[in-house]
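Here is a short briefing on ring contacts and one histidine. Please keep the structure open while reading.

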Amino acid sequence: MVNRAPAARAVALSGVAVVRDGAALIEDVHWAVGAGERWVLLGPNGSGKTTLLQVAGARLWPTRGRVEVLGQRLGTVDLRPLRARVAVVSGALVRQLRPGLTAREVVATGRHGALETWWHHYTADDWAEADRLLADAGVGGAGGIGTRAFGVISEGERQQVLLCRALMSRPELLLLDEPAAGLDLGARERLVLRLAALAADPEVPPVVLVTHHVEEIPSGFTHAGLLRAGRLVASGRLDDVLTSEAVSDAFGVAVRVGRAEDGRWWSRAVPH
């Protein structure tokens, strides 16, 4: 693997817009993700969170503006090697993976960003790394899910496997698109705890998490961005951005937002 000096900013967007059929999905976005930062992007449905994440991952070309990812400016570099340096965890990937692959095989495919293990050769060290990642996530080892088919494990277990797969690629930027969507309480909390452990690890690259719910923000996350109608209406340090007023304005409903002693966030509607 080629050793690269880490970019001062993992993502830098200036005046970015994505327009489709005459409508702006995101508009005039100025945003930067620094080395070691852990970001959460919040906003209602249709506010542009996933679109912004795709641009940040060099998966979507902007209509206007300047985009730099890991120090490389889009439009001046080959996107294929750049995309290989960015790991994206998205529900769309579940539909692309063959259900008969074992969880262990799904994790291993992350080494080369493949969908099948037969596309590449995997060393004993690769398989050992896949097993270690599953064990770290609490779903490996004896009695774990490593040998079970990806198509039959639970939704919560799939999200843990997809996260392991992303880490298997040794990314320089980790993007998570609503990984807790549809999970039950137990699976959500296990995932949030896993993300908190990753946030606390200095070896883990910058992370951007998209969610609708402040309750899904893991402890250890440092920054937040609020989106409304395609615009980034607030961004910065988590404590500065997640105020009751700002979140109420972004979601269009009066809420109180607070933070518990353990670092977890909560929100409640304000009674009329």
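How many aromatic pairs does the structure hold? This is a predicted model. The structure holds three aromatic pairs. Two of the pairs are described below, followed by a charge over a ring and the surroundings of a histidine.

**Aromatic pairs**
- Trp31 and Trp39 make one edge-to-face pair, with 5.6 Å centre to centre and 85 degrees between the planes.
- Trp31 is buried because its relative accessibility is 3%, under the 20% cut-off.
- Trp39 also has 3% relative accessibility, so Trp39 counts as buried.
- Trp118 and Trp119 form another edge-to-face pair. Their ring centres are 5.9 Å apart, and the planes meet at 80 degrees.
- Trp118 has 65% relative accessibility and therefore counts as exposed, the cut-off being over 50%.
- Trp119 stands at 42% relative accessibility, so Trp119 counts as partly exposed.

**Charge over a ring**
- Arg158 places its charged end over the ring of Phe150. The distance to the ring centre is 5.9 Å.

**His223 and its contacts**
- Strand β9 spans residues 223-228 and includes His223.
- His223 is buried because its relative accessibility is 9%.
- Leaving out residues up to four places away in sequence, His223 touches Glu37, Arg38, Trp39 and Val40. His223 also touches Gly236, Arg237 and Leu238.
- Trp39 thus appears twice: as a contact of His223 and as the edge-to-face partner of Trp31.

Conventions: Residues numbered from 1 in each chain as written. Predicted model: local features only at pLDDT ≥ 70, side-chain atom pairs only at ≥ 80, totals over all residues. Heavy atoms only, no water. Phe/Tyr/Trp six-rings, centres within 6.5 Å; stacked < 30°, edge-to-face > 60°. Buried < 20%, exposed > 50% of the residue type's maximum accessible area, 1.4 Å probe, protein only. Lys NZ or Arg CZ within 6 Å of the ring centre and 35° of its normal. Helix = DSSP H or I, 4+ residues; strand = E, 2+ residues; numbered from the N terminus. Contact = heavy atoms within 4.5 Å.
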